[in-house]
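Work through the exercises below with the sequence and the model side by side. Each task is followed by a solution that goes step by step.

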Amino acid sequence: MDKIFDKVFPWLDKYDFDAAKLNNKIGFWGSKFAIGLYLGVFVGLLAGQSPTQIFALAFTAAVALELFSLIGSWFIASVEPLSQGISNFANSKLKGRQLNIGLDWPFIAGRAEIWAAANVLAPIMLLEAMILPGNKLLPLGGIIAMGVTPALLVITRGKLLRMIIIGAIELPLFLWAGTLIAEFVTETAKKAGAFPKGLSSDTLISHTTMEGPLEKFLSYLVGHAVHGGGMFIVYAIVALAIYLLAFIWYAFEMKKRNKIYEEQGK
């Protein structure tokens, strides 16, 4: 989708805006804490809770969203010296070869673009969840869309307008994928003794923005192909082939882009 922007809509980039300035302009009412408050009140009203319960839910959601990035930054600050030390030691022994150590997305959680995009995408995701055909999930903790915003930051290199537009188009994939795997997730949670207490036994649980929605669709097709056969075998083979080709193309494009940026000193 970012390539489509490059080819068809490059002129949109001139309307891009600074993420830090946007966060400052929105202020508290667009912060992660405020989004948690809105969401808690909305969900509480839908559930027919009492004012006391609604207040407790709203405050809990607000604190959880506010602490999310903070705790993530602590985690990265604690493991980064270890990661760097291992890299330095290994590279000194590899005779010119380089060892790269991958860290989870919180190491870029300090980038303002992630939270600016998340703040804008939160109400969009809530609206999509309510009107999207086939969706049975209402986002709560997943409202900050951490399954997609870090990837958007990397792909678009922080172009905020692209992050928001592409994110809004992709979010339905996460909602559909979460709905698709709800039965499996619920059954697994029950077998593992991790099903939330206080919920009705016929309630399904899932995740609204867990990473890898395409992989969940693929797993669904492969699972049915293995157990049911028939046309699902064909669907699974075709889907896996397309997925593999797309991944090879993606890896090639990213390596080519990284080489260009290295040559340009970016």
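**Exercise 1. The second largest pocket**

How much space lies in the second largest pocket?

Solution. The model is a predicted one, and every value below is computed from it. The second largest pocket holds about 790 Å³ of space. As a next step, look for its centre: 30 residues line this pocket, and those closest to the centre are L137, L138, L204, I205 and S206. Turning from residues to elements, α3 (32-46), α7 and α8 are the ones that give two or more residues to the lining. Sorted by class, the lining of the second largest pocket consists of 19 nonpolar, eight polar and three charged residues.

**Exercise 2. The largest pocket**

Determine the volume of the largest pocket, and state which element supplies the largest share of its lining.

Solution. Begin with the volume, which comes to about 1,500 Å³ for the largest pocket. The lining is made up of 41 residues, and A151, I155, E170, L214 and Y250 are the ones that lie nearest the centre. Next, assign the lining to elements: α1, α6 (149-156), α7, α9 and α10 each supply at least two residues, and the largest share, 13 residues, comes from α10. Finally, the classes are counted as 26 nonpolar, three polar and twelve charged residues.

**Exercise 3. The enclosed space**

How many cavities of 30 Å³ or more does the structure hold, and which residues line the largest cavity?

Solution. The structure holds one cavity of 30 Å³ or more, and about 30 Å³ of space lies in the largest cavity. To find its wall, locate F174, A177, G178, H207, T208, T209, M210, P213 and K216, which line the largest cavity. Both α7 and α9 (213-227) supply at least two residues of this lining, while the largest share, three residues, comes from α7. By class, the lining of the largest cavity has four nonpolar, four polar and one charged residues.

**Exercise 4. The two sides of helix α8**

Which residues of helix α8 (residues 182-191) are buried, and which exposed residues does the face turned away from the buried side carry?

Solution. In α8, the buried residues are A182, T186 and A189. Viewed down the axis of α8, its buried residues fall within an arc of 65°, and they therefore line one face of the helix. The general rule behind this step is that an α-helix has 3.6 residues a turn, so residues three or four places apart point the same way. The buried residues of α8 pack against α7 (160-180). On the face turned away from the buried side, the exposed residues are E183, F184 and K191. Just after α8, G193 takes a positive phi of about 70°.

**Exercise 5. Salt bridges within a helix and across the chain**

Count the salt bridges, then examine the partners of R162, K3 and E187 one by one.

Solution. The count comes to six salt bridges. First take R162, which forms a salt bridge with D2, the closest N and O atoms being 2.7 Å apart. R162 lies in helix α7 and D2 in helix α1 (residues 2-8), so the pair ties together parts that are 160 residues apart in sequence. Both partners fall under the 20% cut-off for buried residues: R162 counts as buried at 2% relative accessibility, and D2 counts as buried at 13%.

Second, the side chains of K3 and E253 meet in a salt bridge of 2.9 Å, N to O. This pair links distant parts of the chain, with K3 in helix α1 and E253 in helix α10 (residues 231-264), 250 residues apart. K3 is partly exposed, having a relative accessible area of 35%, whereas E253 counts as buried at 13% relative accessibility.

Third, the side chains of E187 and K191 meet in a salt bridge of 3.1 Å, N to O. Both residues lie in helix α8, four residues apart, which is about one turn of the helix. E187 counts as partly exposed at 41% relative accessibility, and K191 counts as exposed at 69%. As a last step, follow shared partners: salt bridges that have partners in common join D2, D6, D13 and R162 into one network.

How values were computed: Residues are numbered from 1 along each chain as its sequence is written. This is a predicted model: local features need pLDDT of at least 70, side-chain atom pairs count only at pLDDT 80 or more; totals for chains, interfaces and linings use all residues. Side-chain values use heavy atoms; hydrogens and water are left out. Buried means under 20% relative accessible area, exposed over 50%, partly exposed in between (1.4 Å probe, protein chains only). The arc is that of the directions from the helix axis to the C-beta atoms. Contact means heavy atoms within 4.5 Å. A salt bridge is a side-chain nitrogen of Lys or Arg within 4 Å of a carboxyl oxygen of Asp or Glu. On a 1 Å grid over the protein atoms alone, a cavity is a set of points where a 1.4 Å probe fits but cannot get out, and a pocket is an open set with protein on both sides within 12 Å along at least five of seven lines; lining residues have an atom within 4 Å of a point. Grid points are joined across faces, edges and corners, and a volume is the space filled by probe spheres set on the points. Ala, Val, Leu, Ile, Met, Phe, Trp, Tyr, Cys and Pro count as nonpolar, Asp, Glu, Lys and Arg as charged, and the others, Gly among them, as polar.
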